[in-house]
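Student: I would like to know how the terms used for a model like this are justified. Please take me through them one at a time.

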Amino acid sequence: MAPGRTSEDTTMPDAPRTPAQDRLVDTLAGGLRPVRRLPAPSLRALAWCAAALGLGLALMPFADLEALRARMAVADLRYAALGAVLTAVAAVVAAFQTSVPGRSSAWALLPLAPVALWIGASGAGCLRDWVVPGADSADMHQTGGCVAFLLTVSIPLSLVLVWMLRRACPLRPNLTAALAGLSAAAAAAALLVPFHPHDATATDLALHALVVGLVIAGNSLAGGRLLGRG
Amino acid sequence: MACAVPAGHVLPAPRARDAFGWPRSPRHPAVRGGLLERMTPDQALAAGMAAAQAGDAEAYRCLLRDCLPVIAGMARAQGVRPEAVDDVVQDVLLTIHRARATYDPARPFLPWLRAITQRRAIDRMRRAGRRPREVHDPIAYEAEVDRGPAPEHGLEARDRQRSLARAVAALPEGQRQAVEHLALQERSLDETAALTGRSKGALKVNLHRALKALRRTLGPGSTDQDAAGGPRTDERGHHDA
């Protein structure tokens, strides 16, 4: 075996190139333009996180900070918010990592732990609502407002994310798009916290989960095609 | 400089062949500069891609050509059928072109290339799997000719080889030598005469007798026992010439 040859390199050195291959190589090389190397995936993820944070800060003047402070004193609400933030960060890092060829697809497992925290803490809040009488629960009107907020924030965040991911070359476009959807949905859920003036109920939680699922599915379908087309 | 070279490489003795042991194109810009000779295979490819990112078309052309057999080998290792390898190679070339901005020259090149090739090979195999086949059409299915060897082909061939080997082994010494050297190993009469110490005339006679004996032994109506042996003379009592 020649030096450096791997076990996969089974073609003989003098294996004939086909004319089509030669033509394609000449076409690609003939039309070559210099490209700017993409920054590291983690840096690009950080840029998206900064954009999401900027959106959050822009919305902050409309939030009831006193009520937010009171809700953050409750452990499950605090952990649910933390879980959503961590999920958004972990999923966006995983999405950018999987968009670069040669990076391990195990990055897709990164958001699992934050997702568990997010779902677990939200579920605990829901349980508390059942156990403790007189908890501040949402009516249908408020829940509808939450759904509208989640969708309104998720869609632009998803679009920005897909636009950024398209600059790379996701080899598993559906996986990358699903991670992008999870990230956008989690970021929207985290941004909703300052505007969510009540505890989580089972209906509330189910609706949130439905919206998050819709965002992920929408990203997988539309984003997967957009990313795969390149 | 055509191909960017990372600093500080250990320099082995210059090689006349490229990173993979293939003859290197004399047109390769890095060959002219003698730069790639001093690199490991992966470093050479990484340097080529770095130059391509900077817009060096000649380095890019050389890189893609160097990659062609590597991609084909990887695709075959992935299980792509030989007739589809060319399609996978072209898909991979297009993906390399599209993804060239994602390559980080500080990282090894081959894992990047392997990831692209594996994915494109899987995509191609999936597409081939989804393509409708005529197995849903009973008439087309019945009429389909399988161009591959029949399942029992290998067994039959092995049986034939075994019978022939037994029959040849059962021949008298001179006839066996004539068959082995002249017929099986396709040596010339002169070579065989020199090797066996027999005259060319004797070899011709032995070959003629041996072929006659083999025809009788392996022809229709013969049994395995015929091939297995018996006395080292044929039915007419012919011995070596």
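Student: How many helices and strands are there in chain A?

Tutor: This is a predicted model. Chain A has eight helices and zero strands. Its elements, from the N terminus on, run α-α-α-α-α-α-α-α.

Student: What does the secondary structure of chain B come to?

Tutor: Chain B comes to eleven helices and zero strands.

Student: What share of the residues counts as buried in chain A, and what share in chain B?

Tutor: In chain A, 40% of the 230 residues count as buried. In chain B, 37% of the 241 residues do.

Student: What makes A124(A) partly exposed?

Tutor: A124(A) has 16 other C-beta atoms within 10 Å. Buried requires 20 or more, and exposed requires 12 or fewer. The value of 16 lies in between, so A124(A) is called partly exposed.

Student: Where does A124(A) lie?

Tutor: A124(A) lies in helix α5 of chain A, residues 112–131. Its C-alpha atom is separated by 9.6 Å from that of A75(A), and the two residues are 49 apart along the chain.

Student: Is E186(B) buried or exposed, and how do you know?

Tutor: E186(B) has 8 other C-beta atoms within 10 Å. The cut-off for exposed is 12 or fewer, so E186(B) is exposed. E186(B) is found in the loop between α8 (173–184) and α9 (189–196) of chain B.

Student: What is phi of E186(B)?

Tutor: Phi of E186(B) is near 55°, a positive value in a residue other than glycine. Most residues other than glycine have a negative phi.

Student: Why are α2(A) and α4(A) called oblique to each other?

Tutor: Helix α2 (residues 41–59) and helix α4 (residues 75–98) of chain A pack at an angle of about 140°, with their axes 8 Å apart. Roughly antiparallel needs an angle over 145 degrees, and roughly perpendicular covers 65 to 115. The angle fits neither class, and therefore α2(A) and α4(A) are oblique. The crossing of α2(A) with α4(A) is right-handed.

Student: Which residues of α2(A) and α4(A) meet?

Tutor: From α2(A) come P41(A), S42(A), R44(A), A45(A), W48(A), C49(A) and A52(A). From α4(A) come A88(A), V89(A), V92(A), V93(A), F96(A) and Q97(A). By class, this contact has ten nonpolar, two polar and one charged residue.

Student: What makes α2(B) oblique to α3(B)?

Tutor: In chain B, the axes of helix α2 (residues 41–53) and helix α3 (residues 57–78) come within 8 Å and cross at roughly 140°. Since that angle is not over 145 degrees, it does not count as roughly antiparallel, so α2(B) is oblique to α3(B). The crossing of α2(B) and α3(B) is left-handed. Among the residues making the contact are L45(B) and M49(B) of α2(B), and Y60(B) and L63(B) of α3(B). The residues of this contact divide into eight nonpolar, one polar and one charged.

Student: Why is α1(A) called roughly antiparallel to α3(B)?

Tutor: The axes of helix α1 (residues 19–30) of chain A and α3(B) come within 9 Å and cross at roughly 150°. That angle is over 145 degrees, so α1(A) counts as roughly antiparallel to α3(B). The crossing of α1(A) and α3(B) is right-handed. The residues in contact include V25(A), L28(A) and A29(A) of α1(A), and Y60(B), L64(B) and L68(B) of α3(B). By class, this contact has seven nonpolar, two polar and three charged residues.

Student: What are the mean pLDDT of chain B and the share of its residues that reach 70 or more?

Tutor: The mean pLDDT of chain B is 76, and 66% of its residues reach 70 or more. Among its elements, helix α1 (residues 29–33) has the lowest mean, 48, and helix α4 (residues 85–99) the highest, 92. Over residues 1–28 of chain B the pLDDT is below 50. Residues 229–236 of chain B also stay under 50.

Student: What does the model score for ipTM and pTM?

Tutor: The model scores ipTM 0.75 and pTM 0.63.

Conventions:
Residues are numbered from 1 along each chain as its sequence is written. Chains are lettered from A and ligands numbered from 1 in the order in which they are written. This is a predicted model: local features need pLDDT of at least 70, side-chain atom pairs count only at pLDDT 80 or more; totals for chains, interfaces and linings use all residues. Helices (H or I, at least four residues) and strands (E, at least two) are DSSP runs, numbered from the N terminus. Axes are lines fitted to C-alpha atoms, for helices over the stretch in contact, and angles run from 0 to 180 degrees between N-to-C directions. Angles under 35 degrees count as roughly parallel, over 145 as roughly antiparallel, 65 to 115 as roughly perpendicular and the rest as oblique. A crossing is left-handed if the near helix is turned anticlockwise from the far one by less than a right angle, and right-handed if clockwise. Two residues are in contact if their C-beta atoms, placed from the backbone, lie within 7 Å. Ala, Val, Leu, Ile, Met, Phe, Trp, Tyr, Cys and Pro count as nonpolar, Asp, Glu, Lys and Arg as charged, and the others, Gly among them, as polar. pLDDT is the predictor's confidence in each residue, from 0 to 100.
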